[in-house]
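Dear colleague,

I am passing on the structure below, and I would be glad if you could open it beside this message and follow along as you read. My notes on what was found come after it.

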Amino acid sequence: MIGAVVILSGGLDSTVCLAEAVTTKAPVIALTIDYGQRHRIELERATAVAAHYGVEHIVQRLDLSAWGGSALTDPSLAVPTAAEAAAGAGIPITYVPGRNLIFLSLAVALAEARECDTVIIGVNALDYSGYPDCRPEFIHSFNATAGLALRTAFEGAGVTVAMPLVDLSKADIVRRGVALRAPLDLTWSCYRGDASPCGDCDACALRAKGFAEAGVTDPSLGHDA
């Protein structure tokens with residue numbers, strides 16, 4: 001089994017993962033989940049990034065907005081600013097319950113069906129919002145569980161979830177993207193669903209910090225959808 005399924009959100013991290021995957025794996029399939037997110041522009045950006053690389057792009061509809069519980073899926077909940085998120089206790093309200101657990105389950109199933117040996121996810125445990133499903137402990141645990149669930153694991157090597165960015169700072173990720181000539185101008189990070197990034201949500205703040213620390217101008221600034 002060869003090839004990779006890359007979970008592609010249309011954001012910075014997943015785009016860098018895709019840029020790296022196409023240099024080492026074949027085939028590469030980009031999987032984007034339409035989970036009812038308010039920032040639907042990221043779906044358009046994911047499509048543009050996949051088209052840039054000419055890879056197969058599967059958009060899986062899975063509407064989590066019916067569940068509520070997150071400012072990213074419930075329009076009645078306000079997306080906090082980065083300062084508000086930092087000042088709050090516990091996990092920010094932009095956390096989507098079980099999101100990466102669900103996404104990875106779909107991705108490993110797709111990988112098994114298409115005879116790919118790897119799923120790649122752009123989780124990061126340094127410059128991130130503290131979501132529990134972005135920690136390496138979770139990915140290691142998921143790999144063990146997938147090994148018990150998949151036919152290919154029962155019969156052979158199975159599917160491995162890789163997290164190539166997990167120990168990198170956001171600045172490191174920007175630098176890697178630049179080195180790979182990834183289309184960073186196409187990527188989207190803002191949690192709000194406006195035509196332009198708000199500049200003050202947690203995702204915007206982390207992105208700005210990464211580009212600033214890398215000494216790179218964000219090429220997406222001023223890029224309309």
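In helix α8 of this predicted model, the buried residues are D202, A203, C204, L206, R207, G210, F211 and A214. An α-helix has 3.6 residues a turn, so residues three or four places apart point the same way, and you may like to keep that in mind as you look along the list. Among the elements that cover the buried residues of α8 are α1 (12-24), α3 (82-87) and α7 (170-179). The length of the helix can be checked as well: because each residue should add 1.5 Å, the 13 residues of α8 (residues 202-214) should span 18 Å, and the C-alpha atoms at its ends are indeed 18 Å apart. After α8 comes G215, which has a positive phi, near 70°.

Helix α8 also takes part in the largest nonpolar core, which has 41 residues, and in which V5, L104, V119, I139 and V161 touch the most other members. The elements that give two or more residues to this core are β1 (4-7), β2 (28-34), α4 (99-113), α5 (136-149) and α8, and the largest share, seven residues, comes from α4. If you would like to follow one member, V161 is in contact with L104, V108, V119, I121, I139, F142 and N143, once its neighbours within four places in sequence are left aside. There is also a second, separate core of 26 residues, which includes A46, A171, V174 and L186.

Turning to the strands, five of them form an open sheet with parallel pairing, in the order β3-β2-β1-β4-β5. Since β3 and β5 (160-162) stand at the edges and each has a single partner strand, one side of each is left without a neighbour in the sheet. From one strand to the next, the twist averages 25°. Between β1 and β2 the parallel pairing runs over four bridges, and I7 has L31, in β2, as its bridge partner. Helix α2 (residues 41-53) packs on the sheet, where it touches β2 and β3, and its direction makes about 170° with that of β2.

Finally, where does S65 lie? S65 is found in the loop between β3 (56-61) and α3, and it counts as partly exposed because its relative accessibility is 29%, a value that falls between the 20% and 50% limits. Apart from neighbours within four places in sequence, S65 is in contact with Y35, G36 and T73, while a polar contact of 2.4 Å joins its side chain to that of D63.

With best wishes

Notes
Residues are numbered from 1 along each chain as its sequence is written. This is a predicted model: local features need pLDDT of at least 70, side-chain atom pairs count only at pLDDT 80 or more; totals for chains, interfaces and linings use all residues. Side-chain values use heavy atoms; hydrogens and water are left out. The expected span of a helix is 1.5 Å times one less than its number of residues. Buried means under 20% relative accessible area, exposed over 50%, partly exposed in between (1.4 Å probe, protein chains only). Contact means heavy atoms within 4.5 Å. A nonpolar core is a set of buried Ala, Val, Leu, Ile, Met, Phe, Trp, Tyr and Cys residues joined through side-chain atoms within 4.5 Å. A polar contact is a pair of N or O atoms within 3.5 Å; within protein, one must be able to donate a hydrogen and the other to accept it, and residues adjacent in sequence count only if both atoms are side-chain atoms. Two strands pair if DSSP finds at least two bridges between them. Axes are lines fitted to C-alpha atoms, for helices over the stretch in contact, and angles run from 0 to 180 degrees between N-to-C directions.
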